[in-house]
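Grab a pencil and work through these exercises with the model open beside you. Try each task before you read its solution.

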Amino acid sequence: MFKEDRFLKKIADFCISKSKDLGSTSSNVLVMNTISENVNIRNKKLDGSERSENLGVTLTTYIGKKKASISSTNLSENNLTELAKRCIDSAKVTPEDEYNSLPDQELHFNGEKNLELYDNTHLSNDEKINFIKEAEEVAFSHDKIVNTNGSGFSETKSNFILANSNGFSDGYKTSQFTAYCEVVSKSNGSMERDYEYSSKRHYKDLLTPKQIGESAAKLAISKLNPKKIESNKMGIVFDKRIAQNLLSTFASAISSNTISKGTTFLKDCLDKKIFNDQINIIDKANIKKANGSRYFDSEGVRVEDLQLVKNGILKDYLIETYSGKKINRKSNGRSSGTTNLYFENGDKSFDQLINSEKKLLYIKETIGRGANIITGDYSVGASGVMIENGKFTYPVSEITIAGNFNEMFKNIILADDLEFKYSTNSPTMLVNGITVGGK
Amino acid sequence: MSSFFKNTDLNLSKAEKIVSETLNKCDDGELYLEDTKSESIVLDDNKIKSSNYTKDSGYGFRAINGDVVAYSHSNDISEKSLKNSSKNLKSTLKNSEGIYNSEIKKTNQKFYNDLDPVDEKNLSDKIKILNEINEYSRSINRSVKQVTANFLGERKNIEILRCGGELLKDSRPLVRINVSVMVEKNGRKETGVYGVGGRQSYDEFLKNDDWKKICDEAYRIATTNLESKASPAGEMKVVLGPGWPAILIHEAVGHGLEGDFNRKKTSVFHDLVGKKVASNGVTIIDDGTIDKRRGSLNIDDEGTPTEKTVLIENGILKNFMQDRLNARLMNTKSTGNGRRESYKHIVMPRMRNTIMLNGNNTQDEMIKSVDKGIFAVSFGGGQVDITSGKFVFSCTEAYEIINGKIGSPIKGATLIGDGPSSLKEVLMVGNDMMLDPGIGTCGKAGQGVPVGVGQPSLLIDKMTVGGTQI
């Protein structure tokens with residue numbers, strides 16, 4: 001059964017006070033309960049169902065500037081005492097690190113919690129099956145959809161308490177409903193797969209089964225019988241689901257951790273122009289019901305809204321306590337990463353964007369992790385569709401796209417079609433001068 | 001005797017009763033119990049950045065009827081929790097009328113010792129070595145600006161309780177040591193990463209100052225990359241070095257030969273058994289029985305003894321890798337490839353150590369035969385689309401080949417190929433088979449499991465190289 005605040009708080013308090021008794025000078029503890037139920041179907045028939053219940057604790061103890069952590073799923077007082085002891089013994093033999101500390105108390109979150117991140121709705125297994133079965137039925141109504149890779153629906157509910165020895169103790173419930181449908185299309189010896197999914201904090205915000213099934217089918221069919229094209233330097237239009245990855249790479253290159261170590265191509269770029277004038281990047285923590293919204297980060301620090309890039313100029317970093325100290329900056333609540341990160345809309349419509357050159361390549365999928373944030377080099381496998389004179393003409397696959405973010409960022413042009421589908425979101429994006437590796 | 005019911009309200013016979021009563025009308029299933037302790041100690045930016053210790057135990061209760069799998073897991077090993085799971089399983093598999101398949105092979109095989117890497121060496125000794133690694137790496141050359149090093153250690157005890165009371169056990173050690181070095185020269189930065197690991201004690205890798213070789217190798221790769229020029233783009237001949245580049249095999253054919261994708265007919269290989277899928281001379285096996293290797297297992301996570309499974313023999317597709325579920329539905333036997341990341345995860349057919357066996361050519365012959373191409377020595381990760389067969393892997397150390405000679409190092413690039421056709425493009429198979437250094441983790445459907453790869457040098461007629469130079 002879902003554990004309530006009082007239960008989690010009791011364990012957190014026990015860990016904090018036990019650590020103090022055993023000799024820690026400060027401590028931090030996370031107690032988290034997650035219950036998740038999934039159903040998977042295949043070819044419109046039940047394939048499997050899974051229920052998982054996780055309850056765990058992670059404790060970090062400090063002895064002055066020495067630190068160590070433990071985590072466990074056994075929450076008996078005997079076990080917790082033993083682990084706290086082990087944690088403190090480990091801290092004792094760990095060398096001092098001047099930057100180790102809990103966050104400043106004045107940065108602790110103490111505001112209202114009104115973002116509606118929890119939806120109490122519970123769907124029975126049959127309701128979940130029916131939802132996703134309908135999506136597959138819609139997909140299968142297309143002749144060229146011959147198989148599924150499996151489709152599923154999951155409902156996850158979490159509750160947690162984060163506490164530290166400076167008096168912070170808070171937590172909240174979240175929910176996540178996810179439906180996905182992955183189908184296989186076949187025609188003339190060519191077989192392709194693609195998917196659509198929807199993942200929201202509130203059940204009512206999900207795409208409908210029909211929208212999910214229809215989109216998955218169309219995407220899979222549009223990839224059939226692809227051609228390989230000649231190697232060339234050209235303009236690439238990134239579909240929104242890929243464009244967001246470039247934004248995530250940007251985020252990892254401006255975290256205080258990479259900045260402080262110098263292991264990023266964006267070191268020493270603060271207040272410098274890294275994009276063109278039209279580009280603005282925001283990380284907004286307090287959008288109601290949004291996937292990336294949170295009240296505080298994994299250290300209990302409140303999350304402010306950040307304008308990371310203004311008119312193409314890098315204005316801020318993503319900062320947590322430890323590495324923030326190395327660069328003399330206070331945490332802005334990003335120890336858990338970004339919240340709702342997005343490019344603001346550009347001023348071109350999607351149609352204007354795809355008509356901006358005679359020949360463009362529209363990329364719908366990339367494969368491989370080809371972003372090197374130290375050098376800024378980018379090289380991934382890709383597939384997509386050719387755009388000629390503003391018309392989508394034929395699918396393309398087994399190609400690579402490569403460039404360097406320093407140049408690519410300056411060449412980004414954005415459409416005006418931003419939507420908040422993921423926690424990181426971008427409008428459709430055009431980047432000129434990317435190398436396509438093909439025949 | 002089971003060690004899992006100490007300090008709980010369960011004992012073996014109570015648990016067995018719940019298991020048998022739940023599964024007796026199912027086709028298959030088991031109660032999987034797991035107790036894992038693990039540690040991660042990270043040195044970064046001249047400091048011990050983190051020292052984490054994790055103790056996790058729990059169970060996964062699985063019931064299978066036909067092709068439907070019901071799974072329930074919890075970290076609360078108690079009678080109430082187990083009965084609750086049993087109820088969940090039964091409600092999914094309404095009116096199950098299966099006949100339990102109680103057949104499972106027995107084994108005494110042992111490919112690694114029952115040892116505990118986490119506790120057999122104390123934390124201060126590990127921290128001391130990490131600090132030595134940091135100092136040594138920084139002393140190699142003044143261009144070294146950053147060093148990250150970590151120790152990852154784990155001991156996982158598992159027990160599998162089947163309907164009828166059969167109990168199968170394994171105890172698995174696993175360690176990994178990684179070093180990453182960033183060098184900077186004339187404003188240019190590059191990294192080199194190297195690591196070692198396997199199912200043994202840390203000391204096996206640390207004795208005789210062997211850890212210095214890890215640092216030296218990371219530094220060598222980083223320095224090589226400092227001199228690298230833009231990589232070419234387009235189709236060309238590729239020579240792969242021995243060992244870790246076998247990621248190619250893992251991605252190009254390995255995943256596509258896992259039983260689940262073939263039963264579901266979503267793999268490009270599903271109708272190719274007995275057919276030619278690779279050049280003559282190409283033989284690929286998946287071997288869970290190599291001593292102390294990262295991908296080896298005494299029994300898999302369903303209790304089946306592992307084996308040496310021939311996947312492709314002299315170019316002909318012979319077998320898929322199977323767990324019990326997919327084997328039963330395809331009228332064959334499990335090959336001992338049923339694996340799961342932990343008790344929180346369902347079983348799937350997964351690779352162990354996937355290896356291409358030796359041929360007759362030398363690496364020299366391969367390089368000499370290439371007019372224009374690349375020589376790829378070290379790789380980061382890879383990925384594959386099972387359905388279209390397209391796969392990628394990214395080089396972290398590569399050189400151009402011009403007129404039969406190795407030229408300048410080139411920047412890391414992604415290579416893309418087509419699984420079913422790329423192994424037919426193999427022109428030469430080397431005689432220098434090597435296993436990887438023991439650092440691979442394979443991801444599938446959100447689950448990571450330790451794996452190994454191995455291959456001799458290979459010459460591939462054409463692959464598309466994802467550089468920036470046309």
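**Exercise 1. Across the chains**

Which residue of β2(B) stands opposite A:Ser69? Keep in mind that you're looking at a predicted model.

*Solution.*
Step 1: Find the strands. Strand β3 of chain A covers residues 66-72, and strand β2 of chain B covers residues 47-65.
Step 2: Look at how they run. These two strands pair in the parallel sense, over four bridges.
Step 3: Go to A:Ser69 and look straight across: you land on B:Asn52.

**Exercise 2. Where the chains touch**

Work out how many residues each chain puts into the contact, and what chain A's side is made of.

*Solution.*
Step 1: Count by chain. Chain A brings 59 residues and chain B brings 62 residues.
Step 2: Ask which element of chain A does the most here. That's β2(A), with ten residues on the side that touches chain B.
Step 3: Sort chain A's side by class. You get 30 polar, 15 charged and 14 nonpolar residues.

**Exercise 3. Domains in chain A**

Split chain A into its domains, then describe how domain 1 meets domain 2.

*Solution.*
Step 1: Mark the bounds. Domain 1 is 5-107, domain 2 is 125-156 + 173-222, and domain 3 is 226-439. Notice that domain 2 is written as two stretches.
Step 2: Check the spacing. The C-alpha centres of domains 1 and 2 of chain A sit 36 Å apart.
Step 3: Look for contacts. Here, residues are in contact if their C-beta atoms, placed from the backbone, lie within 7 Å. On that basis, 13 residues of domain 1 of chain A touch 16 residues of domain 2 of chain A.
Step 4: See what supplies domain 1's side. Both β1 (26-42) and β2 (45-63) of chain A give at least two residues each, and β1(A) gives the most, with eight.
Step 5: Sort domain 1's side by class: six residues are polar, four charged and three nonpolar.

**Exercise 4. A strand with two partners**

Is strand β7 of chain B mostly covered or mostly open? Then find its pairing with β22(B) and with β14(B).

*Solution.*
Step 1: Check residues 233-240, which form β7(B). Eight of its eight residues are buried, so call the strand mostly covered, given that buried means 20 or more other C-beta atoms within 10 Å.
Step 2: Take β22(B), residues 458-466. This strand runs antiparallel to β7(B), and seven bridges join the two. Here B:Glu235 faces B:Thr464.
Step 3: Now take β14(B), residues 372-384. This time the pairing with β7(B) is parallel, over four bridges. B:Val238 has B:Ile374 as its bridge partner.

Terms used:
Residues are numbered from 1 along each chain as its sequence is written. Chains are lettered from A and ligands numbered from 1 in the order in which they are written. This is a predicted model: local features need pLDDT of at least 70, side-chain atom pairs count only at pLDDT 80 or more; totals for chains, interfaces and linings use all residues. Domain bounds come from an automatic or database domain assignment. Two residues are in contact if their C-beta atoms, placed from the backbone, lie within 7 Å. Ala, Val, Leu, Ile, Met, Phe, Trp, Tyr, Cys and Pro count as nonpolar, Asp, Glu, Lys and Arg as charged, and the others, Gly among them, as polar. Two strands pair if DSSP finds at least two bridges between them. A residue is buried if 20 or more other C-beta atoms lie within 10 Å of its own, exposed if 12 or fewer, and partly exposed in between; C-beta atoms are placed from the backbone.
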